[in-house]
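Dear colleague,

Please find below the structure that I am handing over to you. My findings follow directly after it.

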Amino acid sequence: MNIVAQLAAITGAEHVQENGVISIAPANSAELSEIVRVAAGVKAALVPVGGGTRRTMGLPLVALDRPVVEIRTTRLNQVIEYVPEDMTISVGSGMTMAALQAAVAVNGQMLPIDVPLPGRSTIGGILACAADGPRRLGYGTVRDLFLGTAVVEARGRGSKAGGMTVKNVSGFDMMKLYIGSLGSLAIITSANFKLLPIPRAAATIACEFETLGAAFALVDALATSKLVPVACEVVRAEGGQGFGLCVAAEGLPQSVERHRRDVAAFARTAGASGVDLLEGAEHTAFWARIQDLPQAADVAADEIVVRVGTLPSAFGAALESATKLAVKHGVSLQFSGRALNGLGYLRARGAGWKAFHAELLTALPQAAIVVLGLGSPDPGVNMWGRPPAGLDLMRRIKHEFDPENALNPGRYLV
C-alpha cells in the first residue's frame, strides 16, 4: 500500500494530493500521530499548516526528492478544557484566535494576544511564528501567557509539557522551545493559556507628529512617567507625510482618564500637531487595523514585509534609517512599531524593495531583521538576517528533536 492509500485509510476523505504534495487534515491528535508514523516510515517531509497567514516566512522547503505531507491542523479546533473560575483554557492548535476570543468573551475574559488576521490565524501557527501584537507592552507576549502544550514529535510519539496552572514547571521550561520554532521541532496539537478579565474601560490617545523625532520625544516622556499604557504604537501609513504615536489605556475608568489627560499634555509638550481621543467601537476598530498591518497573507509582487527588533533606546533611530532608505530607493513605506519594546513591522513596496532590504541589513547591523512576507520569491534575499549567537545550540536541539530532518526541512534557520 502506498503512502497516499495509507493516509487515506487514517482520515477518510480528508486528504488531497496536488503537485506532488499530499495535504491531509487529521480530526484529532491520535490521527495526527498515526499520520506522522506513516510519513516517518517512508522518510517523508512533514509541513504543518494552520491558517496559512505566514507561509512566506522562512526559506523554501528542501524536500530532497522525499514525499511531502502537508498536515493541516484546522480540524483540531475544539475547546478542550475551559475553567472560567481559574481563568485558564486549553484549545486545539487549529482554533483561530477570533474563535478563542469569542469563546471566553461570554465570561468577560480575554487572551490579550493581538495577532494579524485573527479570523484566520490559528493558535498553533501563532506559537510557531511567535506572533505578537501592540498590547504586548501591557500584557506580555504569547510566551508570558502560555501555560502548557501537547505535541506530536517527528516520529509520531505524543508528548506534553507544562499544564493548566501558572506555576507548573520546575527546571527547564521545555514548552517554550516550540515558540518561534516554525514547526521544525514538533507539531503542536493543543495549547493552554491563562486568561485575563476584559478591562472595564479603554481608550486611545492618537497623537500626530510632523517628524519621527518629535514622536519619540513623547515616547521618552512616557518611558520616564508613572503611566502604564497597554500599547504605545508608532505608525506611518502608506503615502503619509507625518507620523502617529498611538497610546492605548485599559483598566479602571479613573486610570484611563488619567492617561487621557496626561498623554495629551505630554504630546502637546513634544510638539504634536494633533491629538484625538478614540473610545468604544472606534477604539476597537482602530487597533484591529494596527494589528493587521504586519499581515503576510496578502503581499504584493513588489512588496516585502520585515520585522525589525532593536533595543528600545535604538528603535527611533532604526525607524529613521528605514524612512531615509525608503526615500533613497524609491519605495513606499508603512510601519507599525511597539515604541517602548523596540519591535517594528515594516512594509516596503516598489521596484527598489530588494535594494531597500539589503541596505537595511547593513545600516542596522545590531538589529534582528526577519522577512515575514515576500511577494516574489527570490533566493538572493537574506530571509533571517544576522545569525543568532546560539545557532550551534539550536542545530543540536533540532537534531535531538528531529534527527531525520522531517519537520519543515530547510525552512527555518536550522
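In this predicted model, the backbone oxygen of Leu293 lies 2.8 Å from a polar atom of the Arg347 side chain. A polar atom of that side chain also lies 2.5 Å from the backbone oxygen of Gln295. Arg347 belongs to strand β18, which covers residues 343-349. Its relative accessible area is 6%, and because buried means under 20%, Arg347 counts as buried. When neighbours within four places in sequence are left aside, Arg347 is in contact with a number of residues, including Pro294, Asp298, Val299 and Glu303. Ser332, Leu333 and Gln334 are also among its contacts.

A second buried side chain to look at is that of Ser33, a residue of helix α2 (residues 29-41). Ser33 has a relative accessibility of 9% and therefore counts as buried. Apart from neighbours within four places in sequence, Ser33 is in contact with Val152, Gly156 and Gly158.

I would next draw your attention to helix α8. The helix runs from residue 253 to residue 270, and at 1.5 Å a residue its 18 residues should span 26 Å. The C-alpha atoms at its two ends are 26 Å apart, so the model agrees with the expected value. Which residues of α8 are buried? They are Val256, His259, Asp262, Val263, Ala264, Ala267 and Ala270. As a help in reading such a list, an α-helix has 3.6 residues a turn, so residues three or four places apart point the same way. The buried residues of α8 pack against strands β12 (201-209), β14 (243-251) and β15 (274-279), and also against helix α7 (212-223). After α8 comes Gly271, which has a positive phi, near 95°.

Positive phi values also occur at two residues that are not glycines. Met87 has a phi of about 55° and is placed in the loop between β5 (79-83) and β6 (88-92). Asn408 has a phi of about 45° and is found in the segment that comes after α12 (391-401). Are these residues buried or exposed, or partly exposed? Met87 is partly exposed, with a relative accessible area of 25%, whereas Asn408 is buried, at 2%.

Finally, I turn to the aromatic rings. The count of aromatic pairs comes to 6. One of them is formed by Phe146 and Phe193, a tilted pair with 5.9 Å from centre to centre and 40° between the planes. Phe146 lies in strand β8 (residues 146-152) and Phe193 in strand β10 (residues 187-194), so this pair ties together parts of the chain that are 47 residues apart in sequence. Both Phe146 and Phe193 are buried.

Tyr178 and Phe401 form another pair: their ring centres are 6.2 Å apart and their planes stand at 80°, so the pair is edge-to-face. This pair links distant parts of the chain, with Tyr178 in the loop between β9 (158-162) and β10 and Phe401 in helix α12, 223 residues apart. Tyr178 has a relative accessibility of 8% and so counts as buried.

With kind regards

Definitions and conventions. Residues numbered from 1 in each chain as written. Predicted model: local features only at pLDDT ≥ 70, side-chain atom pairs only at ≥ 80, totals over all residues. Heavy atoms only, no water. Helix = DSSP H or I, 4+ residues; strand = E, 2+ residues; numbered from the N terminus. Expected span 1.5 Å × (residues − 1). Buried < 20%, exposed > 50% of the residue type's maximum accessible area, 1.4 Å probe, protein only. Contact = heavy atoms within 4.5 Å. Polar contact = N/O pair within 3.5 Å; in protein donor to acceptor, adjacent residues only side chain to side chain. Phe/Tyr/Trp six-rings, centres within 6.5 Å; stacked < 30°, edge-to-face > 60°.
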